[in-house]
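User: I am new to this structure and would like to understand the reasons behind the words used to describe it. Could we go through them step by step?

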Amino acid sequence: MLCGFLACLAVSAFAAIPASEIVTSSADESGYRIDVPYAYPVTPDMPEWKSLTSLQAMLDACQIPEGTLAGLTTPALIETVLDYPLAVNLYAYGHVSEGVGIVAGQFNGLAELLRRRTGNPGDFEAALSAIASEAAVSETDAFQSMYTRDLLAYLAGDPALPCAGKDDGA
């Protein structure tokens, strides 16, 4: 009887965990355990996005739950930030580096990524290099390619980033 109760309790507890919180692998050497990018619950291509009538509502909808954020491996976090639905906001300022600073104040995923960049540079550089290699061979739309290139360049410390709104010919 007690075993049956405990099994029901365990199933009930697991059912209450959102899909984005489910651990997909054991912890890596850094202690992070979620090795797939976070799936945003609402994105601009979904009908639900149209019900978000303010920038604040969109920002709120794009925040990563703290439990998920803390568990994402660095490669999964980089991919999550590259998939950020409000990525265009990065270009709303005079320079990409200024946009990164402002967007990091609005989006917990980018803020965490910048924290990890300084917290464990060796692991961060390895993850960044792997993601950059994958991005170089993948085909995406023009904006996504530009955003990926610019954000990865910023994270790698490239001082030759383009100013917002200017095509650098790449």
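Analyst: In this predicted model, the buried residues of helix 4 are Thr-74, Ala-76, Leu-77, Ile-78, Thr-80, Val-81 and Leu-82.

User: What makes helix 4 largely enclosed by the rest of the structure?

Analyst: A residue counts as buried when its relative accessible area is under 20%, and seven of the nine residues of helix 4 are buried, so this helix is largely enclosed by the rest of the structure. For the chain as a whole, buried residues make up 35% of the 170 residues.

User: Which helices and strands does the chain contain, and in what pattern?

Analyst: The chain has eight helices and zero strands, and along the sequence the pattern reads α-α-α-α-α-α-α-α. Among contacts between residues at least 6 apart in sequence, 68% join residues at least 24 apart.

User: Why are helix 4 and helix 8 called oblique to each other?

Analyst: Helix 4, residues 74-82, and helix 8, residues 142-155, pack at an angle of about 135°, with their axes 10 Å apart. Angles of 65 to 115 degrees count as roughly perpendicular and those over 145 as roughly antiparallel, and the two helices are therefore oblique to each other. Helix 4 passes helix 8 in a right-handed crossing, and the contact is made by Ile-78, Val-81 and Leu-82 of helix 4 together with Gln-144, Tyr-147, Thr-148, Leu-151 and Leu-152 of helix 8. The residues of this contact of helix 4 with helix 8 divide into six nonpolar, two polar and no charged.

User: What makes helix 4 oblique to helix 6?

Analyst: Helix 4 and helix 6 pack at an angle of about 140°, with their axes 9 Å apart. Roughly antiparallel would need an angle over 145 degrees, and the angle of these two makes helix 4 oblique to helix 6. Helix 4 passes helix 6 in a left-handed crossing, where Thr-74, Leu-77, Ile-78 and Val-81 in helix 4 meet Gly-109, Leu-110, Glu-112, Leu-113 and Arg-116 in helix 6. The residues of this contact of helix 4 with helix 6 divide into five nonpolar, two polar and two charged.

User: How do you know that Leu-110 is buried, and which residues does Leu-110 touch?

Analyst: Leu-110 lies in helix 6, residues 108-119, and has a relative accessible area of 2%. The cut-off for buried is under 20%, so Leu-110 is called buried. Not counting residues up to four places away in sequence, Leu-110 touches Val-81, Val-100, Val-103, Ala-104 and Leu-151. The C-alpha atoms of Leu-110 and Thr-80 are separated by 9.0 Å, although these residues are 30 residues apart along the chain.

User: Why is Arg-116 called buried or exposed, and what is in contact with Arg-116?

Analyst: Arg-116, also found in helix 6, has a relative accessible area of 4%, and since buried means under 20%, Arg-116 is buried. Leaving aside its neighbours within four places in sequence, Arg-116 is in contact with residues including Tyr-32, Leu-72, Thr-74, Leu-77 and Phe-124. A polar atom of the side chain of Arg-116 lies 3.3 Å from the backbone oxygen of Leu-69.

User: How do helix 6 and helix 8 pack, and which residues meet there?

Analyst: Helix 6 and helix 8 pack at an angle of about 35°, with their axes 11 Å apart. Leu-110, Leu-113, Leu-114 and Arg-117 in helix 6 meet Leu-151, Tyr-154 and Leu-155 in helix 8, and the residues of this contact of helix 6 with helix 8 divide into six nonpolar, no polar and one charged.

User: What makes Thr-148 count as buried?

Analyst: Thr-148 lies in helix 8 and has 11% relative accessibility; the limit is under 20%, so Thr-148 counts as buried. A polar atom of the side chain of Thr-148 lies 2.8 Å from the backbone oxygen of Gln-144.

User: Why is Ser-97 called partly exposed?

Analyst: Ser-97 has its place in helix 5, residues 96-106, and its relative accessible area is 33%. Buried would mean under 20% and exposed over 50%, so Ser-97 is called partly exposed. The side chains of Ser-97 and His-95 are joined by a polar contact of 3.0 Å, and the C-alpha atoms of Ser-97 and Asp-150, 53 residues apart along the chain, are separated by 9.3 Å.

Terms used:
Residues numbered from 1 in each chain as written. Predicted model: local features only at pLDDT ≥ 70, side-chain atom pairs only at ≥ 80, totals over all residues. Heavy atoms only, no water. Helix = DSSP H or I, 4+ residues; strand = E, 2+ residues; numbered from the N terminus. Buried < 20%, exposed > 50% of the residue type's maximum accessible area, 1.4 Å probe, protein only. Polar contact = N/O pair within 3.5 Å; in protein donor to acceptor, adjacent residues only side chain to side chain. Axes fitted to C-alpha atoms, helices over the stretch in contact; angles between N-to-C directions. Parallel < 35°, antiparallel > 145°, perpendicular 65-115°, else oblique. Left-handed = near helix turned anticlockwise from the far one by under 90°. Contact = heavy atoms within 4.5 Å. Nonpolar A, V, L, I, M, F, W, Y, C, P; charged D, E, K, R; others polar.
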